[in-house]
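Open the model in a viewer and switch on side chains. The stops below say what to select and what to look for.

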Amino acid sequence: TLVAPIFEFISNETSRNVWIPPGDWEDAWDGSVVTGPQNISAQQPYERIPMWYNKNGGLIVTTDEPGLRIDDADWSTLTIDAFPPRKGTAVTTRRVIVPRNATFDDRMELVLTTDEDGTLSIDIDAPSVASTDDAEQGWVVRLHLFAKQTVSAVNVDGLDLKDGDGDDAFRHIQPVSTGSDYFPFGGRGSAPAENA
């Protein structure tokens, strides 16, 4: 995630110049994609911080409900926001999660892998015995695809999931208008930004 804070609140400035690194970056607030490297002028209302997701294999893990403190969050279900690259690009992204009140031996390792044909896999390696308070770990995977990218099949632990509703299904969530009440890290079931 690329974050570009605006610190000039006294004069109520709401824009700044930002260098966008090489690759594709999705604006967290409206879903538009900018390709770097380039300098841009980022503009947001004073209550928002300009930020972008890395669309070249980015991987963000959040708790299911937004919150201000990790210690107060419900870790029983974690949301993985995955940003696979354009077809023709192979990437591997790794993340390590150490649950609250746990040791590094209880870590969960996430690996996002894509090949040049556009196949994506997310491997979750959780410890066999966790020392956390939560007995089972739930996961929600949200894919942030480029225009014209689609999901053709989903397989979890050898089980093929269907497109539709129910516990054994995957579904497409339509983007929503990103008004003043939109928040980009919405968790399970939240809609993506309007241009995503």
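The tour goes from confidence to strands, and then to charged side chains.

**Stop 1: colour by confidence**

This is a predicted model, so begin by colouring the chain by pLDDT. The chain average is 83, and 87% of the residues score at least 70. Which elements of the chain have the lowest and the highest mean pLDDT? Strand S13, residues 169-170, has the lowest at 74, while strand S3, residues 33-43, has the highest at 95.

**Stop 2: strands S1, S2 and S4**

Select residues 2-3, which form strand S1, and then residues 51-54, which form strand S4. S1 and S4 run antiparallel and are joined by 2 bridges. Within this pairing, Leu 2 is opposite Trp 52 of S4.

Add strand S2, residues 15-27. S2 and S4 also run antiparallel, with 3 bridges between them. Here Trp 25 has Asn 54 in S4 as its bridge partner.

**Stop 3: the open sheet**

Now select S5 (58-63), S6 (77-83) and S10 (138-143). Together they make an open sheet of 3 strands in the order S5-S6-S10, and the pairing is mixed. S5 and S10 are the edge strands, each paired on one side only. On average, neighbouring strands of this sheet are turned by 20 degrees against each other, ignoring direction.

Look at S5 and S6 next: they run antiparallel and 6 bridges join them. One place to find the pairing is Thr 62, whose bridge partner in S6 is Thr 79.

**Stop 4: a salt bridge between S10 and S6**

Keep the sheet on screen and show the side chains of Arg 142 and Asp 81. They form a salt bridge, with the closest N and O atoms 2.8 Å apart. Arg 142 lies in S10 and Asp 81 in S6, so the salt bridge ties together parts 61 residues apart in sequence. Are these two residues buried or exposed? Both Arg 142 and Asp 81 are buried.

**Stop 5: Arg 86 and Asp 24**

Move to Arg 86, in the loop between S6 and strand S7 (91-97). Arg 86 makes a salt bridge with Asp 24, where the closest N and O atoms are 2.9 Å apart. Asp 24 belongs to S2, and the two residues are 62 apart along the chain. Their surroundings can be compared by relative accessibility: Arg 86 is partly exposed at 41%, whereas Asp 24 is buried at 6%.

**Stop 6: Lys 55 and Glu 26**

Select Lys 55 and Glu 26, whose side chains meet in a salt bridge at 3.4 Å from N to O. Lys 55 is in the loop between S4 and S5, Glu 26 is in S2, and 29 residues separate them. Lys 55 counts as buried because its relative accessibility is 1%, under the 20% cut-off. Glu 26 is buried as well, with a relative accessible area of 4%.

The search by this rule gives a count of 4 salt bridges.

**Stop 7: the ring of Phe 146**

Finally, centre the view on Phe 146. Which charged residue has its charged end over this ring, 4.2 Å from the centre? That is Arg 86, from the salt bridge with Asp 24. Lys 55 also lies over the face of Phe 146, at 4.3 Å from the ring centre.

To finish, look for paired aromatic rings: a search of the whole structure finds 1 aromatic pair.

Key:
Residues numbered from 1 in each chain as written. Predicted model: local features only at pLDDT ≥ 70, side-chain atom pairs only at ≥ 80, totals over all residues. Heavy atoms only, no water. Phe/Tyr/Trp six-rings, centres within 6.5 Å; stacked < 30°, edge-to-face > 60°. Lys NZ or Arg CZ within 6 Å of the ring centre and 35° of its normal. Helix = DSSP H or I, 4+ residues; strand = E, 2+ residues; numbered from the N terminus. Buried < 20%, exposed > 50% of the residue type's maximum accessible area, 1.4 Å probe, protein only. Pairing = 2+ DSSP bridges. Axes fitted to C-alpha atoms, helices over the stretch in contact; angles between N-to-C directions. pLDDT = per-residue confidence, 0-100.
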